[in-house]
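Please open the structure in your viewer and keep the selection tool at hand, since this tour moves from one selection to the next and says what can be found at each stop.

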Amino acid sequence: MGGGIAGVTAARRLRALAPKAEILIFEQEPQLYYLRPGLIDLLAGEKKPAELTPFDRNWYESHGISFRPSAQVVELDPGRHTLTLSGGEKMSYAGLILATGADAFRPPVPGASLPGTLTLRSLQDALEIRERAQGARAALVLGGGWLGLETARALRAWKLEVTVVERAPWLLPRQLDRAGGEVLATQLNKLGIEVITGTSCQELRGDGEVREAILTGGRRLPVQLVVIAAGIRPRLGLARQAGLAVNRGVVVDDWLATSAEGVYACGDVAEWQGKVFGIVPAAREQGQIAAANVVEPGSARYRGTVVKNRLKVAGVELVCLGDTQPEGGPGEEHRYASPQEGVYRKLVLRGGKLVGAIVMGDLSGLGEVERLISAGEEVGGELKRLLTGRLG
Amino acid sequence: MEKWECTVCGWVYDPEKGDPSQGIEPRTPFSDLPDSWVCPECGAPKSMFEKLS
Ligand SMILES: Cc1cc2nc3c(=O)[nH]c(=O)nc-3n(C[C@H](O)[C@H](O)[C@H](O)COP(=O)(O)OP(=O)(O)OC[C@H]3O[C@@H](n4cnc5c(N)ncnc54)[C@H](O)[C@@H]3O)c2cc1C
Ligand SMILES: [Fe+2]
């Protein structure tokens with residue numbers, strides 16, 4: 001259920017492991033699987049939908065995978081092993097993978113339902129925001145996380161005045177630390193993006209359409225477009241209805257099994273060891289593992305995904321890896337900064353081993369930093385060189 | 001010719017199409033891509049790709 005990266009990866013793995021199985025993907029959106037991260041380029045007018053669609057109809061056909069667009073699953077009965085589609089069609093299954101992803105979160109800001117206030121998750125959303133951007137002069141992005149910043153740069157491509165408002169005291173608060181956030185804000189300013197941190201939007205106003213944002217502290221911004229990028233919420237409706245254990249996401253064990261027999265979950269909908277990863281590499285890995293366990297229960301164990309995020313904003317190089325301790329923590333922190341050049345680097349060590357890194361402005365030596373984090377080797381005398389990159 | 005998938009973002013390199021954005025001609029096998037080539041979608045290096053089964 002769900003034709004995003006998690007569902008499609010799972011289907012492909014199922015195909016490889018169970019050559020004779022009948023495999024169906026139900027997808028509520030009207031089109032075939034596409035690269036969600038590519039929506040940023042679509043929004044910026046740099047790519048067309050076809051360029052974001054890795055597999056065409058023929059591909060699914062030749063792989064014996066039936067991809068059914070516009071097919072929303074509305075009910076799940078794990079006891080009877082059946083599911084129901086919105087048209088009323090009922091099916092039975094031998095194994096089921098819940099890969100329904102997440103919705104964009106809409107914080108309860110007064111006025112947030114005014115036309116012109118949008119979120120970005122689906123192809124439809126991206127097209128709608130792009131359409132709005134054509135007639136707008138100024139846009140506000142609520143949320144200074146990865147999605148908010150990339151959305152801001154995509155809107156800049158349409159020559160809009162763009163302001164990003166982040167409630168936390170600095171940008172990317174879950175990965176960057178304060179010093180890094182300040183360097184990043186300066187770099188974004190150079191691209192014409194205004195950044196306001198430590199501030200939230202109190203109200204959106206307009207007469208039929210959004211026209212003004214009122215920020216905490218009283219500042220008023222004239223806007224014709226607002227994009228809310230305030231995080232995701234796993235889609236729990238079906239799981240709740242079916243009586244599966246849910247917390248923030250659908251709770252899964254190390255085999256990605258849910259609390260219902262024969263039902264597995266993967267991707268943005270799943271919560272493993274308290275974590276909802278919300279990134280493509282985790283959705284892929286989990287999709288493969290869920291598929292293996294549907295074919296042979298207990299055959300594949302999930303051990304987590306090393307988080308790696310790279311900012312896709314031309315002119316600003318930034319990668320965050322592993323545990324970056326944005327607000328300090330048990331790890332030993334080492335920093336190198338050259339703010340005038342937009343360079344900032346932080347390495348986090350525990351027991352002499354690298355566990356996380358922030359690399360900004362100068363990505364030299366990134367490959368080695370990455371390798372050390374995955375390998376769990378001791379850093380030893382290499383620390384200084386790793387810290388300064390090419391500049392050292 | 002073999003297709004390859006980016007493990008970071010899911011983009012698929014199709015040798016039939018090449019990658020015009022980086023001057024890669026159609027019908028260039030994945031193995032012939034230069035080391036400097038990166039995923040046009042997410043910037044991941046060649047080493048992050050897996051052969052599509
Ligand atoms: C604009 C944007 C940029 C991003 N950039 C990056 C990035 O650079 N790197 C990165 O790692 N991650 C990025 N992400 C996050 C990434 O896209 C997600 O982590 C990933 O898509 C999760 O895959 P998924 O298959 O679990 O969920 P989804 O991609 O959300 O797919 C779930 C699918 O299930 C369908 N569905 C839901 N309910 C039902 C139902 N009841 N019946 C039928 N179908 C249903 C949905 O329509 C959807 O297509 C980005 C996200 C966005 C929105
Ligand atoms: Fe990629």
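The stops below go from the parts of one chain to a bound ligand and then to the contact between two chains.

Before selecting anything, bear in mind that this is a predicted model, and that the values quoted along the way are computed from it.

Begin with chain A and colour its domains separately: domain 1 is made of two stretches, 5–102 and 232–295, while domain 2 covers 117–228 and domain 3 covers 315–388. If you then mark the centres of domain 1 and domain 3 of chain A, taken over C-alpha atoms, you will find that 34 Å separate them.

Next, select ligand 1 and show the residues around it, of which there are 32, the closest being A:Glu27, A:Arg36, A:Arg121, A:Val280 and A:Lys312. Zoom in on A:Glu27, where an N or O atom of the side chain is 2.6 Å from an oxygen atom of ligand 1, and then turn to A:Arg36, which places a polar side-chain atom 2.6 Å from an oxygen atom of the ligand. At A:Val280 look at the backbone instead, for there an N or O atom of the backbone lies 2.8 Å from an oxygen atom of ligand 1. Taken alone, ligand 1 exposes 1,000 Å², and the protein buries 93% of that area.

Now bring chain B into view together with chain A, and select the residues that make up their contact: 15 residues come from chain B and 19 residues from chain A. Between them the two chains bury about 1,300 Å², with 45% of this on carbon and sulfur atoms.

Which charged pairs can be picked out here? Four salt bridges are found across the interface of chain B and chain A, and one of them joins A:Arg284 to B:Glu50, whose closest N and O atoms are 3.6 Å apart. On the side of chain B that touches chain A, the residues divide into eight nonpolar, four polar and three charged.

How values were computed: Residues are numbered from 1 along each chain as its sequence is written. Chains are lettered from A and ligands numbered from 1 in the order in which they are written. This is a predicted model: local features need pLDDT of at least 70, side-chain atom pairs count only at pLDDT 80 or more; totals for chains, interfaces and linings use all residues. Side-chain values use heavy atoms; hydrogens and water are left out. Contact means heavy atoms within 4.5 Å. Buried area is the accessible area (1.4 Å probe) that two parts lose on being put together, summed over both. A salt bridge is a side-chain nitrogen of Lys or Arg within 4 Å of a carboxyl oxygen of Asp or Glu. Ala, Val, Leu, Ile, Met, Phe, Trp, Tyr, Cys and Pro count as nonpolar, Asp, Glu, Lys and Arg as charged, and the others, Gly among them, as polar. Domain bounds come from an automatic or database domain assignment. A residue is near a molecule or strand if one of its heavy atoms lies within 4 Å of it. A polar contact is a pair of N or O atoms within 3.5 Å; within protein, one must be able to donate a hydrogen and the other to accept it, and residues adjacent in sequence count only if both atoms are side-chain atoms. Accessible areas come from the Shrake-Rupley method with a 1.4 Å probe; for residues, only the protein chains shown count as cover.
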